[in-house]
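Here are a few short exercises to work through with the model open beside you. Try each task before you read its solution.

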Amino acid sequence: PGEAILSEVEFQKMTVEKLLDRIEPLNGRLDMWVQSLGDKSASTIKARYAAANHLINWLGQKWPDHLTRPRSGKKLPRTLTRRELSMVRMAAGQSEDPVANLVVTILLETGMRVSELCSLQLTDIDLNDRSAMVVAGKGDKDRLILFTQEQKTLYAMFI
């Protein structure tokens with residue numbers, strides 16, 4: 001920041017030693033450059049940090065510990081709108097595969113993951129209690145899933 005931008009010719013003539021002198025992590029230029037990124041998004045800053053970090057490592061220098069990458073929050077998953085949800089249910093209900101409606105209903109109403117449903121065993125299901133035990137689900141955790149009466153009725157047709 002504040003320095004003249006090198007032309008392509010000037011850059012091509014620059015020696016590695018000169019580049020190392022300009023990029024030396026503790027001479028203040030890097031700190032000024034980081035401060036100039038304040039108006040950028042976290043992902044842009046992370047990408048620029050990564051590029052600069054790789055260059056500094058390639059030149060045999062160490063990235064300063066006081067310059068840390070910004071944290072970017074996790075984005076929430078997008079949920080289906082009511083219209084999209086009804087379209088999925090309608091498509092599953094009209095499917096030629098009789099299991100499609102059961103699978104879609106269970107996934108949508110219980111929040112089970114596809115992998116959890118695929119690994120579900122008959123012994124894990126209790127129709128009287130309208131529940132199922134998901135064994136070794138996400139994070140290798142066990143959890144109890146509750147069924148609605150509609151799901152119990154649908155599931156009972158396939159047993």
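**Exercise 1: An exposed pair**

Asp65 counts as exposed because its relative accessibility is 61%, where exposed means over 50% relative accessible area, buried under 20%, and partly exposed in between (1.4 Å probe, protein chains only). This is a predicted model in which local features need pLDDT of at least 70, side-chain atom pairs count only at pLDDT 80 or more, and totals for chains, interfaces and linings use all residues. Residues are numbered from 1 along each chain as its sequence is written, and side-chain values use heavy atoms, with hydrogens and water left out.

Task: find which side chain meets Asp65 in a salt bridge.

Solution. Begin with the criterion: a side-chain nitrogen of Lys or Arg within 4 Å of a carboxyl oxygen of Asp or Glu. Lys62 satisfies this with Asp65, at 3.1 Å from N to O. Next, check the cover: Lys62 is exposed too, at 57% relative accessibility.

**Exercise 2: A bridge between helices**

Task: work out which elements are linked by the pair Arg89 and Glu109.

Solution. First confirm the salt bridge, which has an N to O distance of 3.2 Å. Then place the partners: Arg89 lies in helix H5 (residues 82–93) and Glu109 in helix H6 (residues 98–110), so the pair links distant parts of the chain, 20 residues apart, with helices (H or I, at least four residues) and strands (E, at least two) being DSSP runs numbered from the N terminus. Finally, look at accessibility: Arg89 is partly exposed at 30%, and Glu109 is partly exposed at 28%.

**Exercise 3: A network**

Task: decide whether Glu116 is buried or exposed, and find which residues share its network.

Solution. Start with accessibility: Glu116 has 4%, so it counts as buried. Its partner Arg143 is partly exposed, at 30%. The closest N and O atoms of these two are 2.5 Å apart. Arg143 sits in strand E3 (residues 143–146) and Glu116 in helix H7 (residues 114–118), 27 residues apart. Salt bridges with shared partners then join Arg113, Glu116 and Arg143 into one network. The search of the whole structure finds 6 salt bridges.

**Exercise 4: The whole chain**

Task: describe how spread out the protein chain is.

Solution. Count the elements to begin: 8 helices and 3 strands. The radius of gyration is 28 Å, well over the 15 Å from the globule rule for 159 residues, so the chain is more spread out than a compact globule; the radius is taken over C-alpha atoms, and the rule is 2.2 Å times the number of residues to the power 0.38. The C-alpha atoms fill a box of roughly 75 × 30 × 25 Å along the principal axes.
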